[in-house]
Amino acid sequence: MTKGLTFICLGNEHWECGNPSPLIEIMHELSRENTVLYVENQYSISDIFDSIKGKKEVPVRKILNLDKRLRVQKSRTGSNVYILTPPPVLPLNKIRDKEIYKKLLAFNARILETELRKSIHFLNLTDIIFISGANPDYGLALMKKFNDSLNVYYTFEGTDEEESHEQALLEKEYIEATDVVITNTEVLYNKIRCFKDATFLIRNGVRFEDFYKRSMSISKSESITVGFIGIIDKDFDITLATYLIENLKDINFVFSGKVLDNSVLKKLEKYPNFTHIGNKKRDEFTELVSSFDIGILLNKGDSHPPLEVGLNEYLSAGKSVIAFNYSFIKDYKDVVRFCSSKEEMLKSIKEELILDSKEKKEKRYERARGNSWERKAEIFQTIVKDYIDKKLYSKA
């Protein structure tokens, strides 16, 4: 991995949020050998008032600079990361007129630019690689403001902690103007690749070492647990879930994740071998997944593709994974059992409980290790470095 690069990341969430975005995960890794300045979500004046009224949690003291806006924090790799909480901006999320929106956005961007320039000067940052993480409008408004050597738009799906407070009316303009676009799903990649050649797909990774080490130390429980981590919504296969729970009465089914359809949860809660433990934070998944004997995916076909993060967490803990024939994850067929019916899925669960082996676990570990966030960061940095070299070559 290249050393000594400087990354400024314009995020749309807290650095320490419960379920960090792919951008934050990669910045944790890149901070080992590079300088990272992460700019947290741009809160508006109305957010501050909502916080005072107790309607939401907002870091008011940092926003108002009562506590330091710019600070140093340790990443999970033990390296330093600079975190900047910007000053408050005007609320834009209810503005529908594009021209008015652009004018107010420019005003907000100047506030952010001023604060960023102070941080850049204080930290003596040069040769900046500017990354806008799922924040295209501000990315466009701050384009070429810091003499950056490369401008990257990192757009992703799958974060469920916080959403950007602003609209994204200017995304297409930003995609056309930026140097490189990186996505985390095939859907986004295929959509953007149609009009942007410099578009790359880096699928979500996993904190492999966390799950691997915990799986090595956890003791075997006498009871058997089948686990599911995911969203319970209209794409959740309630028919399949009830079939498995009804036909495996001696097995505990433990589900975790957001519940967007309470009627589905109520149907499952009547079963004594079913437990839903709520929506856990990413840091809490290590213990949870390690307690499973088998992990299952319960979405209806490809209508709501299972997040690759969750799949790799199962594999990082060495767990058997059983799923339907999702085309989205077919390249995992060497380590995942794919089923075409509920009867086959039931049979697969019973067989895996008997036929699982040390050799199978080692194969899962190896596959997940290749999908670690450390590996994803290496891919990210290779793409960035190649495009910096191309820009330098074109100027020569």
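**Group meeting: a buried aspartate, an open sheet and a set of salt bridges**

Good morning. I begin with D137, which has its place in helix α5, residues 136-141. Please keep in mind throughout that this is a predicted model.

Is D137 buried or exposed? D137 is buried, and yet it has no salt bridge. The nearest side chain of opposite charge belongs to K98, and it lies 8.4 Å away. A salt bridge requires the nitrogen and the carboxyl oxygen to be within 4 Å, so a partner at 8.4 Å does not qualify. What does the side chain of D137 reach? It reaches the backbone nitrogen of L169, at 2.9 Å.

My second residue is P59, found in the loop between α2 (45-52) and α3 (60-63). Its relative accessible area is 19%. Because buried means under 20%, P59 counts as buried. Leaving aside neighbours within four places in sequence, P59 is in contact with H14 and Y43. H14 is 45 residues away from P59 along the chain, while the C-alpha atoms of the two are separated by 9.6 Å.

Let us turn to the sheet. In general, the strands of a sheet pair through backbone hydrogen bonds, either parallel or antiparallel. Here, eight strands form an open sheet with mixed pairing, and their order is β3-β4-β2-β1-β5-β6-β7-β8. Which strands lie at the edges? They are β3 (70-74) and β8 (199-201), each of which pairs on one side only. On average, neighbouring strands of this sheet are turned by 25 degrees against each other, with direction ignored.

Two pairs within the sheet illustrate the mixed pairing. Strand β6, residues 150-155, runs parallel to strand β7, residues 180-183, and four bridges join them. In this pair, T155 stands opposite T183 in β7. By contrast, β3 and strand β4, residues 80-84, pair in the antiparallel sense over five bridges. There, K74 stands opposite N80 in β4. β3 and β4 form a hairpin with five residues between the strands, and in that hairpin G78 takes a positive phi near 95 degrees.

My last topic is salt bridges. How many are there? The count comes to 28. I shall present three of them.

One joins the side chains of R32 and E29, at 2.8 Å from N to O. R32 is partly exposed, with a relative accessible area of 40%, whereas E29 is buried at 4%.

Another is formed by D334 and R367, whose closest N and O atoms are 2.8 Å apart. This pair links distant parts of the chain: D334 is in the loop between β13 (320-324) and β14 (337-339), and R367 is in helix α14, residues 358-369, with their positions 33 residues apart in the numbering. D334 counts as partly exposed at 39% relative accessibility, and R367 counts as partly exposed at 22%.

The third example is D356 with R364, where the closest N and O atoms are 2.8 Å apart. D356 is partly exposed, with a relative accessible area of 24%, but R364 is buried at 3%. Which residues are linked with these two in a network of salt bridges? D356 and R364 are linked there with R337, K347, E351, E352, K360 and K361.

To close, I return to the opening residue: D137 in helix α5 is buried without a salt bridge, and its side chain reaches the backbone nitrogen of L169. Thank you for your attention.

How values were computed. Residues are numbered from 1 along each chain as its sequence is written. This is a predicted model: local features need pLDDT of at least 70, side-chain atom pairs count only at pLDDT 80 or more; totals for chains, interfaces and linings use all residues. Side-chain values use heavy atoms; hydrogens and water are left out. Buried means under 20% relative accessible area, exposed over 50%, partly exposed in between (1.4 Å probe, protein chains only). Lys and Arg count as positive and Asp and Glu as negative; His and the chain ends are not counted. A polar contact is a pair of N or O atoms within 3.5 Å; within protein, one must be able to donate a hydrogen and the other to accept it, and residues adjacent in sequence count only if both atoms are side-chain atoms. Contact means heavy atoms within 4.5 Å. Two strands pair if DSSP finds at least two bridges between them. Axes are lines fitted to C-alpha atoms, for helices over the stretch in contact, and angles run from 0 to 180 degrees between N-to-C directions.
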